[in-house]
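Here is a short tour for anyone who likes to see domains, a ligand shell and a sheet described in numbers. Have the viewer open as you read.

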Amino acid sequence: MAHTFKSGFVTLVGRPNAGKSTLINAVVGHKVAITSNTAQTTRHRFSAIVTRDDMQIIMVDTPGLHKPHDALGQELNTSAIKAMEDVDVVAMLIDCSKPIGRGDEWVAAQVNEVHAPHKILILTKADLVEPKVIEEQMKAAKRLARWDEIVVLSAKTGKNVSGFEEAVATWLPEGPKWFPDDMDTDQPLEVIVAEFIREKILRSFRDEVPHSIGVVTEDMQYERKKDLYKIYATIYVERDSQKGIIIGKGGQAIKQIGIEARKDLEQLLGCGVYLDLNVKIKKNWRRDLNQIRRFGYGEGI
Ligand SMILES: Nc1nc2c(ncn2[C@@H]2O[C@H](COP(=O)(O)OP(=O)(O)OP(=O)(O)O)[C@@H](O)[C@H]2O)c(=O)[nH]1
């Protein structure tokens, strides 16, 4: 029998924190998307690519769908909803450990509106609950939309991540290899680097600070002789007080961010990293659509 190759786009949607980026990393096999406990971690519409002998899956990560509070929130929603258009499969993620509520219903309503050929439901974080709870979640989730398939998995432990791949394999059409074998994301390296730095800030601070920062890679140069990347990045905040928090007493906080980000970046780039971080204030940037787009968030770049 002739070998057929399948390929296509799968958009992952869900409430903030549902676990979309974690699932993408689990399928790719290493970290390409940043994750954190802070809702609205994902700001870029970003695709990760997995190429197997029999298929290429292009997974589109989206910002968590939620009730927007500002221009940034609105822009992130618009971006997630647009990412469901013209794709082969929409995969909605629901966190098994949280009762299905109005937030999920709202996301499902958006999923129901789009004309994607196939829609699958992923009940994730299965490691956090008993099988009985999963069954109940399944019952409730079935009512939300007409799903072609339901997959239960844990992206954190890796349990049944292959089930997701197989479900996608079932519903993807035959098609060409859109991207080269060794390409695992559609984003420029500068964007991934800025995101890795932003992740460390999300994980280190609470309250308003994580939502108020934007990170831009200003310059990155590889020095062959030293097998080292020199990276210069700016962390933007909205207020003076936030600048103080990011820098910390005697520069301790920013130093720690730098240490943690460097570790990750060295792994990403496979060489040494010199990281120079600068903090600047851009007043109320989250209310300024032009600035949001200049950062590349939402529809962005
Ligand atoms: N226990 C457990 N935790 C998980 C699992 N998947 C994700 N998480 C955790 O849930 C949190 C949110 O995960 P993300 O992957 O950042 O969620 P997201 O849907 O991309 O979030 P947004 O970008 O805010 O929309 C992180 O702390 C993850 O470690 C899982 O299968 N099991």
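The report below goes from the domains to the ligand shell and then to one sheet.

This is a predicted model, where local features need pLDDT of at least 70, side-chain atom pairs count only at pLDDT 80 or more, and totals for chains, interfaces and linings use all residues. Residues are numbered from 1 along each chain as its sequence is written.

The chain is assigned domain 1 (6–171) and domain 2 (189–294), with bounds from an automatic or database domain assignment. Their centres, taken over C-alpha atoms, are 27 Å apart. To the contact (C-beta atoms, placed from the backbone, within 7 Å), domain 1 gives 10 residues and domain 2 gives 13.

Around the ligand sit 24 residues, the closest being Gly-19, Thr-35, Thr-42, Gly-64 and Lys-156; a residue is near if its C-beta atom, placed from the backbone, lies within 6 Å. Helix α1 (residues 20–28) supplies the largest share of this shell, three residues. Helices (H or I, at least four residues) and strands (E, at least two) are DSSP runs, numbered from the N terminus.

Now to the sheet: it is open, with three strands in the order β7-β8-β9 and mixed pairing, where pairing takes at least two DSSP bridges between strands. Strands β8 (residues 228–237) and β9 are parallel over 10 bridges, and Ile-235 stands opposite Val-279 in β9. Two helices meet these strands, with angles from 0 to 180 degrees between N-to-C directions of axes fitted to C-alpha atoms, for helices over the stretch in contact.

| Helix | Residues | Angle to β9 |
|---|---|---|
| α8 | 240–247 | about 155 degrees |
| α9 | 252–269 | about 135 degrees |

Technical notes: Contact = placed C-beta atoms within 7 Å.
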